[in-house]
Amino acid sequence: MERPSASSWAAVAIAWILVGIPLAWGIYQTLQTAVKLFR
Amino acid sequence: MSSGLLSKERIIAGPGFNRWLVPPAALAIHLSIGMAYGFSVFWLPLSRAIGITASAPGDWKISTLGWMFTLFFVFLGSSAAVFGRWVEGEGPRKAGVAAAFCWGGGFLISALGVRLHQILLLWIGSGVIGGCGLGLGYISPVSTLIKWFPDRRGMATGMAIMGFGGGAMIGSPLANLLMNHFKTPTSVGVQETFVTMGLIYFVAMLAGAFGYRLPAPGWQPAGWTPPPPQEKAMITQRQVHVNQAIRTPQFWLLWVVLWMNVSAGIGVIGMASPMLQEVFGGKLIGVAGALRDLSEDQKTQVATIGAGFAALLSLFNIGGRIFWASMSDYLGRKRTYFIFFALGFVLYCAAPSAGRAAVVPLFVAIFCVILTMYGGGFATIPAYLADMFGTVHVGAIHGRLLTAWSAAGILGPILVNYIREFQIDRGVPAAQAYNTTMYVLAGLLVIGFIANARVRPVAERYYMTDDQFARELAGKR
């Protein structure tokens, strides 16, 4: 079976950044609420 | 848009395609539909859609709006069950596009419902049509991911299903931002927010659907060979047709496994935050006294801490999805569910003791671990099904199994609410009324443990013959 091309990893990085940024923002927002538990 | 553009044949990946492009496509869809969990953010503004600053005569009650949740999960389960076979036959791209139209379109119909102040349009738009979008979107990437990651089935489906748990983390604060932006002295801003979010989700889901690719027949990851069947009897290399799968005891045992795990988890999610507030009361803010003895200001502070606890639990819920599903690739699916039920039983029974001992960190830690296993149960079940029934019909089989989720959406809340009401009516103090509920939920885990213990490899007669399998493949091309 053929291994993925080196350039395909750039596309993988872009795709993950596109879904990762909103997910990270959502996690940050949730952490801001969650931290109230520890104050 | 021609049907060719969406057909399965168009999305067979060429040589050298990178399989790691498929999980973000699946995440784009699951993060969008996961907003279903965050819809309560609209209840308060919608309950004063006429009065704007306060509810006025003719405004909707929150209990009326809350029916949308019920519709979401009933139609998620039923559409996944009804359309699962269609999704397998037509491929993930067409299913993802259909889900985008249903979910995004549901928001637009709901916006019209807000404009005309017709609750029926909200129920049909978001609840029924959007609920069908949930079902289609939820199952659309499952079998595709399992086929791309035969070596890490649990991790692959865990990544997508993590998105469903995380969707509300993005959607709820986004909805708040948009409602604040759009609100005017004559509008609460929900109508415009529905339109904006509907369009955002439509585009994101289309992008995800068009990112789906299927592996070519016979494709395997470079350097990987399937394990010999005799070494791992709980992982079959053969195939069971969806119509045969539902005749097997294994399907119904796994149905009970999911039903019990989700029912207990839903019960805990519903009561964790109020339980923390009522059990610890003033201790949470460093003052003596039960919750009922606190001033209104102190109660607000305690409620804020309760909201923080709920947020923390949602993080552990999504973390558990990727953690446990990935772990199941090493532990095995059956052993992973044994851990859920055995460890879960201990923790559900220990929670009241942590409350009695007034140890807040222990109490919080117990619930956090419980929530990882609730999420993990969702994320690990597709790989369990693929192990038992093969990969060809796993999407359709998973769709039918999700009716257990709908059943859990009924059983969990009913158990929690009725047990609590029954105890309070009999004079049990509010802070102690949760204890019996936790023990009953632990009992559900015992049932799940027994069902999981009875799961054995599927009997020979249920597998497709080579001829049937060849005809099945020919029919799908």
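The legends below walk through five close-up views of a predicted model.

**View 1. The largest nonpolar core and its best-connected residues.** Welcome to the interior: this core holds 157 residues. Ala99(B), Met205(B) and Leu385(B) are the ones with the most contacts inside it. Helix α12 of chain B, which spans residues 249-280, supplies the largest share of the core, with 18 residues. To get a feel for one of these spots, pick out Leu385(B) and look beyond its neighbours within four places in sequence: Leu254(B), Val394(B), Ile397(B), His398(B) and Leu401(B) are in contact with Leu385(B).

**View 2. Helix α5 of chain B beside helix α16 of chain B.** Two packed helices are described by the angle between their axes and the distance between the axes. Here, the axes of α5 (residues 67-90) and α16 (residues 394-401), both in chain B, cross at roughly 175° and come within 7 Å. Angles over 145 degrees count as roughly antiparallel, so α5(B) is roughly antiparallel to α16(B). On the α5(B) side, the contact is made by Ala80(B), Ala81(B), Phe83(B), Gly84(B), Arg85(B), Val87(B) and Glu88(B). On the α16(B) side, look for Gly395(B), Ala396(B), His398(B), Gly399(B) and Arg400(B). Sorted by class, this contact has 5 nonpolar, 4 polar and 3 charged residues.

**View 3. Where chain A touches chain B.** Here 25 residues of chain A are in contact with 28 residues of chain B. The chain A side of this meeting place has 16 nonpolar, 6 polar and 3 charged residues.

**View 4. Cys132(B) in helix α7 of chain B.** The helix to find here covers residues 119-139, and Cys132(B) lies in it. Is Cys132(B) buried or exposed? Cys132(B) is buried, because 23 other C-beta atoms lie within 10 Å and the cut-off for a buried residue is 20 or more. Setting aside neighbours within four places in sequence, Cys132(B) is in contact with Phe75(B), Ser79(B) and Cys102(B). Leu71(B) is 61 residues away from Cys132(B) in sequence, yet the two are 9.7 Å apart in space, C-alpha to C-alpha.

**View 5. Val279(B) in helix α12 of chain B.** Our last stop, Val279(B), counts as buried because it has 24 C-beta neighbours inside 10 Å. Not counting residues up to four places away in sequence, Val279(B) touches Gly355(B) and Ala431(B). Which residue is 153 residues apart from Val279(B) in sequence and 7.3 Å apart in space, C-alpha to C-alpha? That partner is Gln432(B).

Note on methods: Residues numbered from 1 in each chain as written. Chains lettered and ligands numbered in written order. Predicted model: local features only at pLDDT ≥ 70, side-chain atom pairs only at ≥ 80, totals over all residues. Core = buried A, V, L, I, M, F, W, Y, C linked by C-beta atoms within 7 Å. Buried ≥ 20, exposed ≤ 12 C-beta atoms within 10 Å, placed from the backbone. Helix = DSSP H or I, 4+ residues; strand = E, 2+ residues; numbered from the N terminus. Contact = placed C-beta atoms within 7 Å. Axes fitted to C-alpha atoms, helices over the stretch in contact; angles between N-to-C directions. Parallel < 35°, antiparallel > 145°, perpendicular 65-115°, else oblique. Nonpolar A, V, L, I, M, F, W, Y, C, P; charged D, E, K, R; others polar.
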